[in-house]
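Got the viewer open? Here is a short tour, one selection at a time.

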Amino acid sequence: MKINVLLFTFLLVLCSCAEDDSFSISTGDRLTFSTDTVSMDTVFSTVPTRTQTFWVYNHTGDNLRCSSVRQEQGSTTGFRVNVDGTYLSSSSNYQTQNVEIRKGDSLRVYVELTSKTMNATDPKKIEDNLVFTLENGTQQKVNLNAFCWDAELHRNWVISKNTTITADKPVVIYGGLKVDSAATLTLAAGAHLYFHGDAAMTVYGRVKSEGTAEKNVVLRGDRLDNMFDYLPYDLTAGQWEGLHLMPSSYGNSLSYTDLHSPYDGIVCDSSSVEQTKLAVDHSTIHNCQGSGIKAVSAKITVENTEISNVLDHCVDITGGSLTMNQCTLAQFYPFSLRGTALQLTAIRQPLTSMVRNSIVTGYADDEISIAYEDTTVAKVDFRFDHCLLRTPRFTTADSLRMTNIIYEDVKDTTIYGEKNFILFDTDKLRYNFALKATSAAIGKADPATALPYDRNGLKRDDEPDMGCYEFNVTNK
C-alpha cells in the first residue's frame, strides 16, 4: 500500500511538470503589453537618453514562448533594447530566441536611444518596432520612436573672444560656459541654449542677449523628457545652475529672454555702482530653486519683466542701485517658500531703489522685505510709485516713500492670484501671469512713466496697466 501511494505521488508530480513545461500554440493566445508605444519625445542627436521600460505580461491560462524577439530596423536607428536581461546586440543580429513567459508571469524590457546625426534643421522622427513572434506564429509589435534634433555640443566651453551664438542649431552645454573678461558673448534672436544639470553661464566679460518679441532667446535645462507623463522636467526648478555675473563683469543686457528652471536665475557679484552691471527688459525669469535676481552692491535695471515662482526671493538686492519699471514679481512657488517677492537690504552698505508701475505679490501676506539702518554708514532710499503691492501699509515714516499704491487685501482671494492672473495649475506646474479682467492693476500705471510696449511686444494703450503684461481683451 505504501508503495502504491509513493508511485501515485511520483506520477502526479511528473504530470504536473509535464503540464508546466508545455507551451501553447493556440493562435488565440497573445501577450499583453503595458504600452504599445515607447516614445522618447524630443532628444538631441548623439546624446544618450535616459532608460525607459515597459512590461510584457502573460494573462492567458497557458505558458507562452516567443520563438524570437527582435528589433525590426536593427542598427539603423540607434535604439538599444534589453529584454529581461538579454541585450539585443549586433552579434545576435538584434534579436533573442526562445523567450519563455509562464502563465501569470511577466518580463521587463529596457529601451535607450543614441541617435545618429540627422543632418536636418528641425527635429526628425525616427522609429523602430520591437517584434514579438510567438510559437503559434502570432506577431505583436511595440513601437519605439523619438524626434531627434541635431545640436551643437560643448563641454566646459570657454569664450575667449567676441562670439555670437545664432539660432541655427540648439546649443547643449555640459560642465559650464565661461565668458572671459576680454570677451563679449552675443546671443542672437531665437538662440536656444540648453544647460546640463552641472552647467552655469559664468561671465567675467559681458553677455548680450538680443531676443525679439517674435524670437526670444531661451536659456534652460537640457532635459527634454518627462518626470511624469503630465510633467516635463523643463517645468521643474533646479535643472541647471543659472547665470553668474562676476565682479569684473559690466554692461550685461538681456532683451526678450526666457530664462527658466535654474537654481539661481541671475547672480550679480559686488561691483562699482557707477556702471550698469545688468539691464533686463521684456524678459522672463521663472521657476528658480534659489532666487530670481540676486545682487550685492551692483547697479541693476529691470523693465517689462516677469520674475516668478522661486524658492527664495524673486528679487534680492543688498546695497547698490535697483531701478524697476512695469515688472511682475509673482511669488507663487508651488512647494515651499523661504523668501518674498522683493527683498531690499541696506545694512553696512547704501541702497537706492525705485520701483514703478509694477506688481509685487505672492502667497504670503507680506511679499516685501526691507532691512536697513538709518545711519551715516548705511543709507537707504527706496520708493514705490503706481504699484500693486501685497504688503501691509507702511508706517507713517516710510509712507512718504509710497505714492499711488494699491494694497492687496490679505483677506481677499487674491492670495492665490485668482483676481490678477490667468492661470494657476499647481498640479501640472503651469502658470500664466498675464492679467485677467478682474485685476486691480488694469489701467492704473502712470502714463507719464509707463513703457511703450509690454513683455510680449504688445503696444500699451493710453491707460497703461501695472506689471509687465498689458491686458488683452481675449484674457478671461
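A word on patches before you click anything: a nonpolar patch here gathers Val, Leu, Ile, Met, Phe, Trp or Tyr residues that have over 30% relative accessible area and no salt bridge, with side chains joined within 5 Å. Keep in mind too that this is a predicted model.

**Stop one: the surface patch.** Select Met227, Phe228 and Tyr230, and show them as surface. Together these three make up a nonpolar patch with about 290 Å² of accessible area. Now keep just Phe228, which sits in strand S19, residues 226–228. Is Phe228 buried or partly exposed? Its relative accessibility is 44%, so Phe228 counts as partly exposed.

**Stop two: a loop serine.** Next, go to Ser291. You'll find this residue in the loop that links strand S26 (284–288) with strand S27 (293–303). Why does Ser291 count as buried? Because its relative accessibility is 2%, and the cut-off for buried is under 20%. To see what surrounds Ser291, leave out residues up to four places away in sequence and light up its contacts: Tyr263, Asp264, Gly265, Val310, Asp312, His313 and Asp316.

**Stop three: parallel strands.** Switch to cartoon and select strand S29 (residues 315–325) along with strand S32 (residues 351–356). They run parallel, joined by six bridges. For one of the pairings, click Gly320 and look across to its bridge partner in S32, Leu351. Then add strand S35 (residues 380–389), which runs parallel to S32 and is also linked to S32 by six bridges. Which residue of S35 is the bridge partner of Arg356? That would be Asp385.

**Stop four: the whole chain.** Zoom out and colour by secondary structure. The protein chain has two helices and 38 strands. Turn the C-alpha trace along its principal axes, and its span comes to about 110 × 55 × 45 Å. How does the radius of gyration fit in? For a compact globule of 476 residues you'd expect a value near 23 Å, but this protein chain has 30 Å.

Try colouring by burial next: of the 476 residues in the protein chain, 51% count as buried. If you draw contacts between residues at least 6 apart in sequence, 61% of them join residues at least 24 apart. Finish with the full surface on display. The accessible surface of the protein chain is about 21700 Å², and 49% of that belongs to carbon and sulfur atoms.

Key
Residues numbered from 1 in each chain as written. Predicted model: local features only at pLDDT ≥ 70, side-chain atom pairs only at ≥ 80, totals over all residues. Heavy atoms only, no water. Patch = residues over 30% accessible without salt bridge, like charges linked within 9 Å, V, L, I, M, F, W, Y side chains within 5 Å. Areas by Shrake-Rupley, 256 points an atom, 1.4 Å probe, with all protein chains shown as cover. Salt bridge = Lys/Arg side-chain N within 4 Å of Asp/Glu carboxyl O. Helix = DSSP H or I, 4+ residues; strand = E, 2+ residues; numbered from the N terminus. Buried < 20%, exposed > 50% of the residue type's maximum accessible area, 1.4 Å probe, protein only. Contact = heavy atoms within 4.5 Å. Rg over C-alpha atoms; globule rule 2.2 N^0.38 Å. Pairing = 2+ DSSP bridges.
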